[in-house]
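Please take a moment to look over the sequence and the structure shown below. The paragraphs that follow lead from charged side chains to one side of a helix.

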Amino acid sequence: MDAVMELMATGPEQTLPARQLMAFTLATHILLVPFGVALPFLTLLMHYRGLRRQDTDALLLARRWSAVMAVQFAVGIVTGTVLSFEFGLLWPGMMGRWGDVFGIGFGVEAWAFFLEAVLIAIYLYGWNRLRPWHHFWLGLPLPAAALMGAFGIIAANAWMNTPRGFTLDSSGRPVGVDLRRAVFTPMLGPEYWHFVLAMILTAGYVVAGVYAVGWLRGRRDRYHRLGFTLPFTVAAVTTPVQFLVGDTVAREVFHHQPVKFAAAELVWRTDTHVPEYLFGRMNPDGSISGGIKIPWLDSMLAGFSPDTEVTGLTSVPADQRPTAVQATIVHWAFDLMAIIGSVLVLLALWYAWCWWRRRDLPASRWFFRCAACAGGASLVAVECGWITTEVGRQPWIVYESMRVSEAVTTTRPAALWAMLGIVVAVYVALFGAFLAVLLAMRTRWRTRDASPDPRPAAPETHTPYGPPAADGSRAADGSRTTTRGGPS
């Protein structure tokens, strides 16, 4: 409530509904992004295992994951397109002035999106219609297209955090645009790799969590074991790497966006020997209420020495920094993200220890309970990461170059609130339909698995939601196969 009152008092009346609309659409879209970026990689990894080892369970998993990937991509088209329009509709001041500078990122993302759509269509169509290895190689560019799309979006966001590649004329408009510098800003590398690793581990934990639930419910067959092991292994390997990369990103923010770092760490005045607070709340006078105080730790984390000077919020005027409420929001998001990351590292180490000692999965049901929750926790951490990035930059929409209040639309607030209501209703229906389709697919697959001959020798002879296989289908090794009912 305090944050709402501050927004209403300090900016145009359109600012609050515009920000709420953008926040809602971004927060919902980002729930799908890990699967758009990383599920193609996991699917192709499983596909490769199936072909390489003549593993029918792996091929069946890859086929089913590809069906989920296609449904997710269809939903992501809608939510991503809405976001693209919102940049122009809600923030015309930013797009009008700065579009020529950082718009290249959106162009890259658009090309990657169309390429990914074509590749997904080819990959889905290829089941049972192409030679197995030809089919796999045609699908191999999919992860690269997904990474290219992520690069475009992160390049645009990194530019908003550390704008470069232009000079300003006498009227304050950018001229002499250098696209190379505008794309490859100081925060691009840290942000991009932090984002990609987050997408991989999140997708891995979510997919593995589905099979962890099945394991807890007594489905201990090889199909569920493989469905859990491969994505969880990918996520477990990625997690400690992400923890280290995240620490590097925080240090880059310390150097390039010191005021955002101050908000994330609740640092009021510039000083050395700065303590670290776990949670807690910043008051308007800079005092901290609650939380756990750890002396000197913030300076140690920022510069590996208690003598490291950490810039405080008061180093800039009040109208050029996040408010106390915004700083508290950023701080809680940052701490929650770090805590979830730490817990996931422990879970990954538990898994690695058992695998190293016994070459087997942990026997404890508590491990699988934790694994089932890891996907949801990872999605929460992703949301927290974006809150830290976006709220910590306030009041700037382009860091130290344009305020949010200067970029916002002049559309009447009532219209924006109505638009928010419509978008919420549409998204509830959209995600409800998405879940209904996934549940229907799960039911169909379970029915097939419960049949007397659930997994034929060549899983490629059954297409997910497609016509029956034509005569002359080939198995994983390219040989002709036979299923129930005769040759296929």
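A residue is called buried when its relative accessible area is under 20%, exposed when that area is over 50%, and partly exposed in between. The model in front of you is predicted, and this scale helps to place several of its residues.

Begin in helix α11, where Asp247 and Arg251 both lie, four residues apart, which is about one turn of the helix. Asp247 forms a salt bridge with Arg251, and their closest N and O atoms are 2.9 Å apart. Are the two partners buried or partly exposed? Asp247 has a relative accessible area of 31% and is therefore partly exposed, whereas Arg251, with a relative accessible area of 14%, is buried.

Helix α11, which covers residues 222-256, also holds Arg225. This residue forms a salt bridge with Asp360, the closest N and O atoms again being 2.9 Å apart, and the pair links distant parts of the chain, since Asp360 sits in the loop between α14 (324-358) and α15 (365-391), 135 residues apart from Arg225. Both partners are partly exposed, because the relative accessibility is 27% for Arg225 and 28% for Asp360.

Another pair is made by Asp319 and Arg403, which form a salt bridge whose closest N and O atoms are 3.7 Å apart. Asp319 lies in the loop between α13 (297-303) and α14, while Arg403 belongs to strand β8 (residues 402-403), so the salt bridge ties together parts that are 84 residues apart in sequence. With a relative accessibility of 45%, Asp319 counts as partly exposed.

Salt bridges can also be joined to one another, and here Arg49, Asp55, Asp57 and Arg222 are linked in a network of them. How many salt bridges does the count come to? Taking a side-chain nitrogen of Lys or Arg within 4 Å of a carboxyl oxygen of Asp or Glu as the rule, the count comes to eight salt bridges.

Now turn from the charged pairs to helix α7, which runs over residues 132-139 and in which Pro132, His135, Phe136 and Gly139 are buried. Why do these four residues count as lying on the same side of α7? They do so because they cover an arc of only 100° around the axis of the helix. As for what covers the buried residues of α7, the surrounding elements include α3 (33-52), α6 (104-126) and α8 (141-161).

Notes
Residues numbered from 1 in each chain as written. Predicted model: local features only at pLDDT ≥ 70, side-chain atom pairs only at ≥ 80, totals over all residues. Heavy atoms only, no water. Helix = DSSP H or I, 4+ residues; strand = E, 2+ residues; numbered from the N terminus. Buried < 20%, exposed > 50% of the residue type's maximum accessible area, 1.4 Å probe, protein only. Arc of directions from axis to C-beta. Contact = heavy atoms within 4.5 Å.
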